[in-house]
Amino acid sequence: MEKGTLYQLRELINRRNVVSDVTKDIAACEEFMELITVAHVLSAAIHVAGVPDLAELSTKILTSGNQFAAVTAIVKTLCSEMATISFAAKHSHSSADYVQEYAKEALSLGLLLMEFKDAVREGDGVRVLQCWKFFFLFFRVTGHKNYCLEAFNFLMQYHYTLTPRCAEQMLWGRFISSEGGSGGNISADLHMEHLNRILKETVNHLGANKTPAAIVRAAKALGPLKEIIAEFDKITGIWLTRKHSRRSETEDLMKVVVELTQNEVFAYQPGRKHVTFHSIKCNGLLMSIKRAKLKTWMSKNAMKLIKDSPCTR
């Protein structure tokens, strides 16, 4: 089995609910990618620091005298050499290490996903906007036409078609923090799904009294109903966390870190390659974009969006 590939790491930690069709279990796939990304970060840090394992890395940082400076130096090197998303990357086919390229690509895309999720949790519209710029290009090159169009519309609306006020409302009105606290935001769409679930449960309990008028009344009472449910749970001592429960991932994380470190996936070794991914390149997706075709597509859809936009500058 090809050491260091996502499939091999999935088998290593026995994540059977992670399948090629992400839509079958989105939460499991996201959890897996976050774990794999963290493991790649730690393995890359071990390589950059020039130590054999995680214990030695910790010791080196703790005994450095200036722990912040030591960590900063490792992170800067990691970001500049191991985790880059760029159009300008160059590769030498004669001396390429495609195992390293695979690891760098997995690290870069995983960090982009984690950046987006953290930006949503913090309610940071600017960072979300930056992530969508990359998502637009990735959707374009991978053939996800509808997602690509939605990403393009979002960017066009913010930068060009919406008035400054509408643009800022769109940028910062995408999140909601129903319980307050730092890092407690979720997307507004997800919040609407939670409200829809409460409404569906309410409608199902109407039984024979289920009529269009009764459904409308239930929808109008959704806000107070949600508060009543929350107060009831509080009085009865029922604690419902807003996050999905997870098993401890420490053991799985350490397995993946050891596997990546032992196989030296971030160490440059010319001529290495995976059988399945024998010519993969870091930034290969972005480098494969045909810029002339992309420019033509953007011009065509921009004109259509400007024509149909109800709120233009």
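K3 is partly exposed, with 43% relative accessible area, and in this predicted model the K3 side chain forms a salt bridge with E259, their closest N and O atoms sitting 3.6 Å apart. K3 belongs to the segment before helix 1 (6-12), while E259 is part of helix 12 (residues 250-262), so this pair ties together parts that are 256 residues apart in sequence. The partner on helix 12 is less open to the outside by the usual cut-off: E259 has a relative accessible area of 11%, under the 20% limit, and therefore counts as buried.

That contact is one piece of a broader charge pattern. The count for the protein comes to 13 salt bridges. There are 40 positive and 32 negative charges, and the mean positions of the two sets lie 9 Å apart.

Another of these bridges links two helices. K117 pairs with E30, and here the closest N and O atoms are 3.0 Å apart. Since K117 sits in helix 5 (residues 98-122) and E30 in helix 2 (residues 26-49), the bridge ties together parts that are 87 residues apart in sequence. Here the lysine is the buried partner, K117 having a relative accessibility of 18%. E30, on the other hand, is partly exposed at 30%.

A third bridge runs between R127 and D118, with 2.6 Å between the closest N and O atoms. R127 counts as buried at 18% relative accessibility, whereas D118 comes out partly exposed at 25%. This pair does not stand alone: E115, D118, R121, D124 and R127 are joined into one network by salt bridges that share partners.

Stepping back to the whole chain, the fold is built from 14 helices and two strands. Its C-alpha atoms fill a box of roughly 70 × 55 × 40 Å along the principal axes. Of the 313 residues, 35% count as buried. The protein exposes about 19400 Å², and carbon and sulfur atoms supply 59% of that area. Contacts reach well along the chain, too: among those between residues at least 6 apart in sequence, 70% join residues at least 24 apart.

How far can the coordinates be trusted? The average pLDDT is 88, and 93% of the residues score at least 70. Among the elements, helix 12 has the highest mean pLDDT, at 95, and helix 13 (residues 284-287) the lowest, at 81. As a rule, predicted coordinates should not be read in detail where pLDDT is low.

Back in helix 2, the place of T37, the picture is of a residue well covered by its surroundings: T37 is buried, with a relative accessible area of 1%. Apart from neighbours within four places in sequence, T37 is in contact with L107, G110, L111 and M114.

L107 also turns up around M82, a residue in the loop between helix 4 (67-81) and helix 5. The C-alpha atoms of M82 and L107 are 7.6 Å apart in space, although 25 residues separate the two in sequence. M82 is in a loop and yet buried, with a relative accessible area of 4%. Setting aside neighbours within four places in sequence, the contacts of M82 are A44, H47, T77, K104, L107, S108 and F266. L107 is thus listed as a contact of both T37 and M82.

Two other loop residues deserve a look for their backbone angles. Most residues other than glycine have a negative phi. N14 goes the other way, with a positive phi of about 60 degrees although it is not a glycine. N14 is found in the loop between helix 1 and helix 2 and, at 47% relative accessibility, counts as partly exposed. E264 also has a positive phi, of about 50 degrees, and is not a glycine either. The place of E264 is in the loop between helix 12 and helix 13, and E264 too is partly exposed, at 43% relative accessibility.

Conventions:
Residues are numbered from 1 along each chain as its sequence is written. This is a predicted model: local features need pLDDT of at least 70, side-chain atom pairs count only at pLDDT 80 or more; totals for chains, interfaces and linings use all residues. Side-chain values use heavy atoms; hydrogens and water are left out. Helices (H or I, at least four residues) and strands (E, at least two) are DSSP runs, numbered from the N terminus. Buried means under 20% relative accessible area, exposed over 50%, partly exposed in between (1.4 Å probe, protein chains only). Contact means heavy atoms within 4.5 Å. Accessible areas come from the Shrake-Rupley method with a 1.4 Å probe; for residues, only the protein chains shown count as cover. Lys and Arg count as positive and Asp and Glu as negative; His and the chain ends are not counted. The place of a charge is taken as NZ of Lys, CZ of Arg, CG of Asp or CD of Glu. A salt bridge is a side-chain nitrogen of Lys or Arg within 4 Å of a carboxyl oxygen of Asp or Glu. pLDDT is the predictor's confidence in each residue, from 0 to 100.
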